[in-house]
Amino acid sequence: MPSLLLRRTRRDAAHEGSGAQGPHRSLWLQEALGDAPTEPSLSGTARADVAIIGGGFVGLWTAIRIKEREPACDVVLLEQDVCGGGASGRNGGMALSWWPKLASLAKICGAQEAVRLCRLSEEAITEIDHFCARHGIDARFRRDGMLWTATSPAQVGAWEAVVRSTEELGLRVFERVERDEVVARAGSETHLAGVREPSGACLQPALLARGLRRAALAAGVRIHERTRVTSFSRERPVEVRTHGGVLRADRLVVAMNAWAAALPELRRALIVVSSDIVATPPIPERLDAMGWTGHDAITDSQMMVNYYRRTADGRVAFGKGTGELALGGRIGSRYDRADDRATMTTAEFRRYYPSLADVPIDTCWGGPVDRTPNSVPLLGRLGGREHIVYGVGWSGNGVAPSVIGGRVLAGLALGRDDEWTRLPLVDRRHDHFPPDPVRFVAGRLVREAVIRKERAELRGRTPKRLAVRMAALAPAGLEDKE
């Protein structure tokens, strides 16, 4: 472990030695925050038309869309850390569509509505690009597509059901790619097969989040950072309590991502799992020499998915859904970084890129992911209350879909009846997880079964029948598979 993470340790020591306080930061946030001042925390009593809990993509997009629709609306956003400090500043930096989730969407609303939602998610990626251009946000946006790959014989063809379903609808969404092209795009002979979905993009997520923050402030949104919400009432007006004050608002938007799993109304709708990323130092010449010159958003086909890409400065950012569970939705510091999960993620990176065996890991970080049973987000009115709305459960793919979420939540918060508030994802019926501690104990058993199953497959062995059966109980992931 020390040799694998030596450079990370030095980077962190320098960060800690500078007097920095708070959680361990991702590479993206270290680049984006710099010495930028934070907005003042809430102190005393305040009033707003709309309160938003959560300063990530969903909360910021919602605030911006409310101000676009009703400039006079007084919007106050509360963030427990800094804007972008949660999942929005820690993810892999991939803006992906919902096409790989077509089957799950079709079960909710039928094939035609599912196609419409997938097209909206494609348009959301374009909208990010255009918004950044209009507002001078350099999020290092590159649209080279998504590459869905197989790195073991067991994974080959995992995409076939999704590809066939689009083709049966007369759509040409995915491109079947010859192995030579997969290897060239992914930079490694480890990749055996794959398909490409051209709408995907890569970006620097924390730069996007901080750019949205600037746009929200410029639009007149009041933001309070370092303001942790301790509770909120359910009556109207809503009383939002924090450590330093109270905010009363006519309407409330809950955009808390994984932290929403602690709310009684959403507790069984969400399960919180870990995801971790390791990154190399900048090695652009090495990557160029390998032929890895593109900026595809790459995933494999494991349940505990690997996701990885080349960054704008020539690093490899390699992530893995490591799947550690939070009991009762309680999210501790292990979700910022854990050496055992970093070791697991590093081992996967080394297996995929053996030619980079001499390249050290420069930094690592983690974060919590709010998963729903089918990995489709939940949007609606909390407990049926018109004045409290929520958007959660982005399940590891929220960069682009959060654009849709922002429009939906803005419309709901303003009491609108329009194309966004009538989307079939709003107030939909959904499955539930078992209650804790059953969920926690069972989830740990399922996680271990998935690890055993996928390790056997990667080694070319047949996994044990019990591991296969237990692994099948895992909730759906980033992509629907056969």
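**Exercise 1. S26 and its surroundings**

In which loop is S26 found? Work out its setting in this predicted model, then list what S26 touches.

*Solution.*
- Step 1: place the residue. S26 sits in the loop between α1 (6-17) and α2.
- Step 2: check the accessibility. S26 has a relative accessible area of 1%, and the cut-off for buried is under 20%, so S26 is buried.
- Step 3: follow the side chain. It reaches the backbone nitrogen of L29 at 3.0 Å.
- Step 4: look further along the chain. Leaving aside neighbours within four places in sequence, S26 is in contact with G89, R90 and W365. Keep R90 in mind for the next exercise.

**Exercise 2. Three salt bridges**

Take the pairs R65 with E68, D336 with R90, and E386 with R381, and describe where the partners sit.

*Solution.*
- Step 1: get the overall count. The model has 42 salt bridges, and these pairs are among them.
- Step 2: start with R65 and E68. Their closest N and O atoms are 2.9 Å apart. Both belong to helix α3 (residues 57-69), and because they are 3 residues apart, about one helical turn separates them. R65 is buried at 2% relative accessible area, whereas E68 is partly exposed at 45%.
- Step 3: go on to D336 and R90, whose side chains meet at 3.0 Å, N to O. D336 lies in the loop between β15 (316-320) and α10 (339-352), and R90 in the loop between β2 (75-78) and β3 (94-95), so this bridge ties together parts 246 residues apart in sequence. D336 is buried, with a relative accessible area of 14%, and R90 is buried at 11%. R90 is also one of the residues in contact with S26.
- Step 4: finish with E386 and R381. Their salt bridge spans 3.1 Å, N to O. E386 has a relative accessible area of 54%, which makes it exposed.

**Exercise 3. T322 and a charged network**

Find the polar partner of the T322 side chain, then see how that partner fits into a salt-bridge network.

*Solution.*
- Step 1: locate T322. It is in the loop between β15 and α10, and it is buried, with a relative accessible area of 0%.
- Step 2: find the polar contact. The side chains of T322 and D276 are joined at 2.5 Å.
- Step 3: trace the network. Salt bridges link D276, E324, R334, D340 and R341.
- Step 4: compare with the contact list. Beyond its neighbours within four places in sequence, T322 is in contact with S274, S275, D276, M304, R341, M344, T345 and R447. D276 and R341 appear both in that list and in the network.

**Exercise 4. Cavities**

How many cavities of 30 Å³ or more does a search of the whole structure find? Describe the largest and the second largest.

*Solution.*
- Step 1: count. The search gives 3 cavities.
- Step 2: take the largest, with a volume of about 60 Å³. Its lining is made up of L27, W28, E31, R140, L203, Q204, R309, T311, A312, D313 and R315. Helix α2 (residues 27-33) contributes the most, with 3 residues.
- Step 3: sort that lining by class. There are 4 nonpolar, 2 polar and 5 charged residues.
- Step 4: do the second largest, at about 50 Å³. W98, K101, S375, W394, S395, N397, G477 and L478 line it, and they split into 3 nonpolar, 4 polar and 1 charged.

**Exercise 5. Unusual backbone spots**

Which residues does a cis peptide bond join to P237 and P437? Then look at phi for R226 and N257.

*Solution.*
- Step 1: recall the background. Most residues other than glycine have a negative phi, and most peptide bonds are trans.
- Step 2: take the prolines. R236 and P237 share a cis bond with omega about 0°, and P237 lies in the loop between β9 (229-232) and β10 (238-242). D436 and P437 are joined by another, with omega about 10°; P437 is in the loop between α11 (401-413) and α12 (438-458).
- Step 3: check R226. Its phi is near 50°, a positive value. R226 is in the loop between β8 (222-224) and β9 and is partly exposed, at 42% relative accessible area.
- Step 4: check N257. Its phi is also positive, near 50°. N257 belongs to the loop between β11 (245-254) and β12 (271-279), and at 16% relative accessibility it counts as buried.

How values were computed
Residues are numbered from 1 along each chain as its sequence is written. This is a predicted model: local features need pLDDT of at least 70, side-chain atom pairs count only at pLDDT 80 or more; totals for chains, interfaces and linings use all residues. Side-chain values use heavy atoms; hydrogens and water are left out. A salt bridge is a side-chain nitrogen of Lys or Arg within 4 Å of a carboxyl oxygen of Asp or Glu. Helices (H or I, at least four residues) and strands (E, at least two) are DSSP runs, numbered from the N terminus. Buried means under 20% relative accessible area, exposed over 50%, partly exposed in between (1.4 Å probe, protein chains only). A polar contact is a pair of N or O atoms within 3.5 Å; within protein, one must be able to donate a hydrogen and the other to accept it, and residues adjacent in sequence count only if both atoms are side-chain atoms. Contact means heavy atoms within 4.5 Å. On a 1 Å grid over the protein atoms alone, a cavity is a set of points where a 1.4 Å probe fits but cannot get out, and a pocket is an open set with protein on both sides within 12 Å along at least five of seven lines; lining residues have an atom within 4 Å of a point. Grid points are joined across faces, edges and corners, and a volume is the space filled by probe spheres set on the points. Ala, Val, Leu, Ile, Met, Phe, Trp, Tyr, Cys and Pro count as nonpolar, Asp, Glu, Lys and Arg as charged, and the others, Gly among them, as polar.
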